[in-house]
Amino acid sequence: LTLLPFLFAVLGSFKSSGQISTNPLGLPDPWVWDNYTEVIGGGVIWTPLINSIVIAVLTVALVLVCGTLATFAISRFTFRGREGIYGFFTIGLLFPAAVAILPLYLMVRQLDLLNSPLGVALPQAAFALPVTVVVLRPFFAAIPVEMEEAATMDGAGPMRFFLRILLPMSVPALITVSILALVTSWNGFILPLLILTDPAAQTLPLGLAQFSGSYTFDTARVLAYAVVAMLPTILAYAFAEKYIVQGLTGEL
């Protein structure tokens, strides 16, 4: 059931639109490679692809920097209100981005970040922080206190312990939150739709929507565009599958 839509898209992308209508689930006969040639060689996908990569990289970088520092403070330091701050992050899991879309748009416009990758990456990173903190805290808290005390005796301060010991030991969790932030950013539609009004700044989901509108009756070519747009996240999942499982199950 999970693979059927994906297989339909892949097989359909190698057919003509007529073949899709008459034999939607069968093998292409003949195989039509021109769909990919026109999508990739025509240049319609490269600008949205580059924009999506830039925004995804910015989002992941912001999530890792802000999320790891916040989780380090919450998990390794004892101070008044610590659990309240952690509860504030967990409440963020219940807060959908669509609810704040209008205030976000006004704030981004006020910061003069419309049609800017940073204008999309900053809100996406903010909404990814709750799940980042929730996933990372058990990993950071599981590092033995004795290890931190030994590092302190060797002259390592909190930041050196954080950079040299804590982060390397939490690689599976870091990869997990990175993949989650990457996929969320890659598939984002509503926020880029409002922030990126310039066609030259649009991402792949927006490019796919525009492309499918231009080729409404050419289903095969639209499927080829969709498959190319899906490939980066599929490859990322395939590469990091082991680490994602470790990160979600809390295994060091």
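Helices here are DSSP runs of at least four residues, numbered from the N terminus. I looked up Val65 with that in mind and found Val65 in helix H4. The model is a predicted one.

**Entry 1: Val65.** I checked how much of Val65 is covered. Its relative accessibility is 48%. Partly exposed runs between the 20% and 50% cut-offs, so Val65 counts as partly exposed. I also looked up its separation from Pro205. The two residues are 140 apart in sequence. Their C-alpha atoms are 26 Å apart in space.

**Entry 2: the surface patch.** Which residues join Val65 in a nonpolar patch on the surface? I found Leu69, Met159 and Leu163 there with Val65. Together the four have about 360 Å² of accessible area. I then asked which helices supply the patch. Helix H4 (46–76) supplies at least two of its residues, and so does helix H9 (158–169). I placed Met159 in helix H9. Met159 has a relative accessible area of 43%, so I noted Met159 as partly exposed.

**Entry 3: Arg76.** I went back to helix H4 for Arg76. Is Arg76 buried or exposed? I noted Arg76 as buried because its relative accessible area is 13%, and buried means under 20%. Next I looked for a side-chain partner. The side chain of Arg76 makes a polar contact of 2.7 Å with the side chain of Glu148. I listed the contacts of Arg76, leaving aside neighbours within four places in sequence. Glu148 is among them, as are Phe140, Ala141, Ile143, Pro144 and Val145. Phe161 and Leu166 are also in contact with Arg76.

Definitions and conventions. Residues are numbered from 1 along each chain as its sequence is written. This is a predicted model: local features need pLDDT of at least 70, side-chain atom pairs count only at pLDDT 80 or more; totals for chains, interfaces and linings use all residues. Side-chain values use heavy atoms; hydrogens and water are left out. Patches are made of residues with over 30% relative accessible area and no salt bridge: like charges are joined within 9 Å, nonpolar side chains (Val, Leu, Ile, Met, Phe, Trp, Tyr) within 5 Å. Accessible areas come from the Shrake-Rupley method with a 1.4 Å probe; for residues, only the protein chains shown count as cover. A salt bridge is a side-chain nitrogen of Lys or Arg within 4 Å of a carboxyl oxygen of Asp or Glu. Buried means under 20% relative accessible area, exposed over 50%, partly exposed in between (1.4 Å probe, protein chains only). A polar contact is a pair of N or O atoms within 3.5 Å; within protein, one must be able to donate a hydrogen and the other to accept it, and residues adjacent in sequence count only if both atoms are side-chain atoms. Contact means heavy atoms within 4.5 Å.
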